[in-house]
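This report describes one protein chain for a reader who is new to structural biology. The sequence and the structure appear below, followed by a description that begins with one pair of strands and then turns to the whole chain.

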Amino acid sequence: MMNKKELMTHAKKATAYAYIPYSKFKVGAAILTKDNRVFYGANIENVAYSSTMCAERAAIYHAYMSGVKKKDIHAIAIIADLPDVVAPCGECRQVMSEMLNLDTKVYLGNYKGKIKETTVGKLLPNGFDSLAKKLK
């Protein structure tokens, strides 16, 4: 199984696909499946800000569109060029809490090699998951 540094390298490679004409701020994400496949995501901006797609959601949707299921995902790595590690926005945390298992590993990193390990459940301890279960 790929380690967190290797997965973070993939997340950094994903930043090459960012479309960031407004913020100039690249974010990359990489999903690692239990069978060692990797799916990339990068932030894609739009002048209509609500149409912008974050790297984390892009990677998750990329994996799902390739047939990956929640049970198949081992980890997600997210990276940006910051003094400290990058953190996902609230929308991404909510999507992660529904589309990844709560114990899925989350690696937050920066270009200097700093990595913080957490889980989906720790990023969003009181998400809408109980509501989602009621709607199913």
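## A strand pair and its chain

In this predicted model, strand β4 (residues 105-110) pairs with strand β5 (residues 115-119) in the antiparallel sense, over 5 bridges. Within this pair, L108 stands opposite K116 in β5. The hairpin of β4 and β5 has 4 residues between the strands, and G113 there takes a positive phi near 95°. As a general point, side chains in a regular strand alternate between the two faces of the sheet.

The two strands belong to a chain whose secondary structure comes to 5 helices and 5 strands. Read from the N terminus, the elements follow the order α-β-β-α-β-α-β-β-α-α.

How does the overall size of the chain compare with that of a compact globule? A compact globule of 136 residues would have a radius of gyration near 14 Å, and the chain agrees because its own value is 14 Å. The C-alpha trace spans about 40 × 40 × 30 Å along its principal axes.

The table lists further values for the chain.

| Property | Value |
|---|---|
| Residues that count as buried | 43% of 136 residues |
| Contacts joining residues at least 24 apart, among contacts between residues at least 6 apart in sequence | 62% |
| Exposed area of the chain | about 7,600 Å² |
| Share of the exposed area from carbon and sulfur atoms | 56% |

Finally, the chain carries 21 positive and 12 negative charges, and the mean positions of these two groups are 2 Å apart.

Conventions: Residues numbered from 1 in each chain as written. Predicted model: local features only at pLDDT ≥ 70, side-chain atom pairs only at ≥ 80, totals over all residues. Heavy atoms only, no water. Rg over C-alpha atoms; globule rule 2.2 N^0.38 Å. Buried < 20%, exposed > 50% of the residue type's maximum accessible area, 1.4 Å probe, protein only. Contact = heavy atoms within 4.5 Å. Areas by Shrake-Rupley, 256 points an atom, 1.4 Å probe, with all protein chains shown as cover. Lys, Arg positive; Asp, Glu negative; His and termini not counted. Charge placed at Lys NZ, Arg CZ, Asp CG, Glu CD. Pairing = 2+ DSSP bridges.
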